[in-house]
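Hi everyone, thanks for making time this morning. Please pull the structure up on your own screens, and we'll walk through it together.

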Amino acid sequence: MGNQTATNGETLQIAMNLDNQPAKPSSEYREFLPPAPLAAHFLCFWSQTITGSAGTYEHRVLPDGCIDIVFIDDEPPTVVGPWTVSFVARLAVGTSITGARLHPGRASSLLGMPASELLNQAIPTTAIRGAIQHMRLEKALEQQDAPARRSALAKILFASIGHSSPFDQGISASIQWLSRHPKGSIRQLSHSVGISERHLHRRFLAAIGYGPKMFQSVLRFQRLLKIAREMGPEKGLGDLAVNAGYADQAHMTRDVHRLANLRPTELLRSPESTLQMSDLFKT
């Protein structure tokens with residue numbers, strides 16, 4: 001068949017067909033400061049709504065060193081543990097999510113369980129043993145809209161804090177040290193906080209879910225995303241690598257592929273890299 005020129009009627013029909021296509025799903029994500037009494041435990045409360053007329057929104061979740069308590073629509077609450085790799089969440093249009101994100105290293109004292117038991121998992125609270133069983137988180141489901149649900153969740157969590165165990169101060173000091181020394185070694189960290197490397201690893205497993213070396217990689221990865229947002233797309237990968245604390249661009253490329261399963265250029269073009277996620281360096 002040769003080339004054919006569309007008639008005015010055919011052009012109008014094509015335009016009408018394009019106009020009638022359902023709106024592509026999109027995500028509306030917002031973060032909220034936690035109430036003051038919860039600020040020592042929580043980085044933020046957050047909400048996500050999937051809008052559009054039909055279809056499924058695919059969202060890549062990147063490792064951030066945190067543990068979240070999550071409500072998806074009216075399903076039972078879930079605890080999303082610390083992840084060492086990215087995963088893709090597939091969310092239908094109309095999905096409404098409310099979450100509360102704990103500071104790195106603070107979840108185990110509130111939930112009453114080692115963070116390592118949540119590693120790379122999303123587990124309904126009904127299947128988790130420990131202090132979380134007594135929080136009555138499901139009562140937040142009685143509220144239908146997101147602001148009311150966040151308020152109810154805050155009240156439930158505040159009532160639970162009095163029964164939580166103290167933070168591991170050694171881990172808190174270690175997190176602060178790692179945030180200030182992105183190129184520091186774990187041996188230097190051990191010497192600085194006065195905890196042997198062996199004991200430090202065990203305490204990181206309990207408080208964060210994985211060892212200090214892995215946490216350092218995740219922290220540096222999140223710093224890369226933050227710096228890329230601030231410096232803009234015109235900055236070269238080499239400059240981003242240096243500013244984020246990598247030894248060189250090759251080091252950054254290896255870490256990004258391991259944590260996000262993407263090349264740096266793919267990651268920094270993705271919608272997830274532009275999300276204004278809570279600043280992990282406030283710990």
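Let me begin with a rule for the sheet: two strands count as paired if DSSP finds at least two bridges between them. And please keep in mind throughout that this is a predicted model.

So, with that rule in hand, which strands form the open sheet, and in what order? There are six of them, and reading across you get β1-β2-β7-β4-β5-β8, with antiparallel pairing. At the edges sit β1, residues 26–32, and β8, residues 122–124, each of which has a partner on one side only. Going from one strand to the next, the twist averages 25°.

Let's zoom in on one of those pairings. Strand β5, residues 78–80, pairs with β4 in the antiparallel sense, over three bridges. If you want a residue to click on, try Ile69: opposite this residue stands Val79 in β5.

Now please rotate until you can see what lies across the sheet. That is helix α3, residues 146–161, which lies across β1, β2, β4 and β7. Relative to β2, helix α3 runs at about 155°.

On to the charged side chains. How many salt bridges does the structure hold? The count is 13, and I'd like to show you a few of them.

My opening example is Asp64 with Arg101, whose side chains meet in a salt bridge at 3.8 Å, N to O. Asp64 lies in the loop between β3 and β4, while Arg101 belongs to strand β7, so this pair ties together parts that are 37 residues apart in sequence. Are these two buried or exposed? Both Asp64 and Arg101 are buried. They also belong to a network of salt bridges that links Glu31, Asp64, Asp68 and Arg101.

Next, let's visit the helices. Asp255 forms a salt bridge with Arg220, and the closest N and O atoms are 3.7 Å apart. Here again distant parts of the chain are linked: Asp255 is in helix α9, residues 249–260, and Arg220 is in helix α7, residues 212–231, with their positions 35 residues apart. Asp255 counts as buried because its relative accessibility is 6%, under the 20% limit. Arg220 is buried too, with a relative accessible area of 7%.

Asp255 has another partner, Arg258, and their side chains meet in a salt bridge at 2.8 Å, N to O. Why are these two about one helical turn apart? Because they are three residues apart in helix α9. Arg258 has a relative accessibility of 39%, so this residue counts as partly exposed.

Last stop: the cysteines. How many disulfides do we count? Zero. Take Cys44: the closest cysteine sulfur is in Cys66, 7.9 Å away, and that is too far for a bond, because a disulfide needs the sulfur atoms within 2.5 Å. Cys66, likewise, is in no disulfide. As for their surroundings, Cys44 is buried, with a relative accessible area of 3%, and Cys66 is buried at 2%.

That's my tour. If you take a single picture away, let it be the open sheet of six strands with helix α3 lying across β1, β2, β4 and β7. Thanks for listening, and I'm happy to take questions!

Methods:
Residues are numbered from 1 along each chain as its sequence is written. This is a predicted model: local features need pLDDT of at least 70, side-chain atom pairs count only at pLDDT 80 or more; totals for chains, interfaces and linings use all residues. Side-chain values use heavy atoms; hydrogens and water are left out. A salt bridge is a side-chain nitrogen of Lys or Arg within 4 Å of a carboxyl oxygen of Asp or Glu. Helices (H or I, at least four residues) and strands (E, at least two) are DSSP runs, numbered from the N terminus. Buried means under 20% relative accessible area, exposed over 50%, partly exposed in between (1.4 Å probe, protein chains only). Axes are lines fitted to C-alpha atoms, for helices over the stretch in contact, and angles run from 0 to 180 degrees between N-to-C directions. Contact means heavy atoms within 4.5 Å.
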